[in-house]
Amino acid sequence: MQRRKCLTLFLTGLVSGSVAVGCSREDQTVGSGSTITLTVSAAASLQDALEKIIAPFTEAHPDIAIDYNFASSGALQRQIEQGAPADIFFAAASQQMDALSDKGLILPDSRQDLVANRLALVTAIDSALDITDIAELKTTDINSIAVGEFRSVPAGQYAQQAFQQLELLDTLQSKFVFSNNVRSVLAAVESGNVELGIVYATDAALSRQVKVLTTVPEEFHLPIVYPIAIVSNSTQPAAAQRFIDFLTTETAQTMFTEFGFNAIRL
């Protein structure tokens with residue numbers, strides 16, 4: 001119907017000699033009978049929880065479809081800066097959201113911290129390593145530990161902060177195996193390619209091939225919060241806000257906690 005309306009207006013303009021009325025995606029409104037597709041660029045560590053949330057969201061909002069784009073927060077930040085289409089950015093750290101905010105690329109009034117997480121030190125399920133305190137890495141004989149890239153992967157940045165606080169960076173420097181997202185770190189541990197890995201507690205909980213040796217005390221790094229906001233060039237900000245609002249509901253928050261995330265009082 002929308003295309004037919006646009007064509008009719010265009011032909012009428014040709015016949016009358018007047019300027020045709022323009023039609024754009026902005027003419028699409030929630031509740032118009034057509035389906036709106038939102039692109040949600042979200043941190044890789046959110047994938048399992050967000051994919052489960054699709055069903056109840058679609059049931060509540062059948063006129064809105066969700067197209068997820070999962071990657072590290074740093075990679076998603078760069079995509080948005082380069083003009084890649086996105087309606088919502090759901091990051092694993094404040095740093096990447098702050099960078100977009102400084103450039104005017106998100107709607108500031110839409111931003112909020114939605115869930116929280118923790119870091120865990122993991123090893124293969126059959127490993128003989130026995131570490132009960134992250135500080136023991138200073139004296140434990142290991143050859144490799146997988147971490148997210150310090151420059152772009154939030155889980156890696158939090159790990160770097162903890163290692164700095166514990167004066168472990170120099171000790172572990174030659175043993176780091178860097179990955180471009182936290183799921184790749186988990187996979188490296190699962191495959192046995194590395195002895196240890198620093199991942200989110202939520203990622204560790206999903207795997208039957210790794211075990212958690214210890215968690216990283218939260219005082220050694222910045223709070224692990226996941227901010228969400230509408231991208232400023234979204235053509236569907238109203239629908240995007242409805243999705244964000246749904247993520248704050250008890251239904252969605254319960255699903256997040258099932259996957260190991262900590263709820264933030266909203």
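# Two sheets and a buried cluster

Colleague: Which strands make up the open sheet of five strands, and in what order?

Modeller: This is a predicted model. One of its sheets is open, has five strands and shows mixed pairing. The order is S7-S6-S8-S5-S9.

Colleague: Which strands stand at the edges of that sheet, and why is one side of each left without a neighbour?

Modeller: Look for strands with a single partner strand. Each edge strand has just one partner, so one side of it has no neighbour in the sheet. From one strand to the next, the twist averages 35°. The edge strands are S7 (176-179) and S9 (210-215).

Colleague: In which sense do S6 and S8 pair, parallel or antiparallel?

Modeller: Strand S6 covers residues 145-148, and strand S8 covers residues 196-200. Two bridges join them. At one position, Ala146 stands opposite Gly197 in S8. The sense of the pairing is parallel.

Colleague: Which strands does helix H5 touch, and what angle does its direction make with that of S8?

Modeller: Helix H5 spans residues 154-165 and packs on this sheet. It touches S5 (119-124), S6, S7 and S8. Its direction makes an angle with that of S8 of about 115°.

Colleague: What angle does helix H7 make with S8?

Modeller: Helix H7, residues 182-191, also packs on the sheet. It touches S5, S6, S7, S8 and S9. Its direction and that of S8 make about 145°.

Colleague: What is the strand order in the open sheet of six strands?

Modeller: This sheet is open too, and its pairing is mixed. S2 (64-71) and S11 (262-263) stand at its edges; each has a single partner strand, so one side of each lacks a neighbour in the sheet. Read across, the order is S2-S1-S3-S10-S4-S11.

Colleague: How many bridges join S4 and S10?

Modeller: S4 runs over residues 112-116 and S10 over residues 225-230. They pair in the antiparallel sense. Ala116 has Val225 as its bridge partner, and Gln112 stands opposite Ile228. The number of bridges is four.

Colleague: Which residue of S10 is the bridge partner of Ile88?

Modeller: Turn to the pairing of S3 with S10. These strands are antiparallel and share three bridges. In S10, the partner of Ile88 is Ile230.

Colleague: How many residues of S10 are buried?

Modeller: Side chains in a regular strand alternate between the two faces of the sheet. On one side of S10, Val225, Pro227 and Ala229 are buried; on the other, Tyr226, Ile228 and Ile230 are buried. Both faces are therefore covered, and S10 is largely enclosed by the rest of the structure. The count is six of the six residues.

Colleague: Which helix lies across S1, S2 and S3?

Modeller: S1 is residues 36-43, and S3 is residues 88-90. The helix crossing them covers residues 73-81 and runs at about 115° to S2. It is H3.

Colleague: Is Gln77 buried or exposed?

Modeller: Gln77 is in helix H3. Beyond its neighbours within four places in sequence, it contacts Phe89, Gln96, Ala99 and Leu100. Its relative accessible area is 14%, and the cut-off for buried is under 20%. So Gln77 is buried.

Colleague: Which residues does UniProt list for "binding site", and what is their largest C-alpha distance?

Modeller: The unreviewed UniProt entry lists Ser45, Ser73, Ala155, Val182 and Tyr200. They are spread over 156 residues of sequence but cluster in space. Their largest C-alpha distance is 13.9 Å.

Colleague: Where do Ser45, Ser73, Ala155, Val182 and Tyr200 take part in a lining?

Modeller: Start with Ser45. It sits in the loop between S1 and helix H2 (47-60), and its contacts include Val182 and Tyr200. The five listed residues are taken in by the lining of the largest cavity.

Colleague: What is the relative accessibility of Ser73?

Modeller: Ser73 lies in helix H3. Among the residues it touches are Ala43, Phe89, Ser152 and Pro154. Ser73 counts as buried, because its relative accessibility is 1%.

Colleague: How much of the protein is buried?

Modeller: The protein has ten helices and eleven strands. Among contacts between residues at least 6 apart in sequence, 77% join residues at least 24 apart. Of the 266 residues, the buried share is 48%.

Note on methods: Residues are numbered from 1 along each chain as its sequence is written. This is a predicted model: local features need pLDDT of at least 70, side-chain atom pairs count only at pLDDT 80 or more; totals for chains, interfaces and linings use all residues. Side-chain values use heavy atoms; hydrogens and water are left out. Buried means under 20% relative accessible area, exposed over 50%, partly exposed in between (1.4 Å probe, protein chains only). Contact means heavy atoms within 4.5 Å. Two strands pair if DSSP finds at least two bridges between them. Axes are lines fitted to C-alpha atoms, for helices over the stretch in contact, and angles run from 0 to 180 degrees between N-to-C directions. UniProt positions are given in the numbering used here, feature names are shortened, and annotations may be inferred rather than shown by experiment. On a 1 Å grid over the protein atoms alone, a cavity is a set of points where a 1.4 Å probe fits but cannot get out, and a pocket is an open set with protein on both sides within 12 Å along at least five of seven lines; lining residues have an atom within 4 Å of a point.
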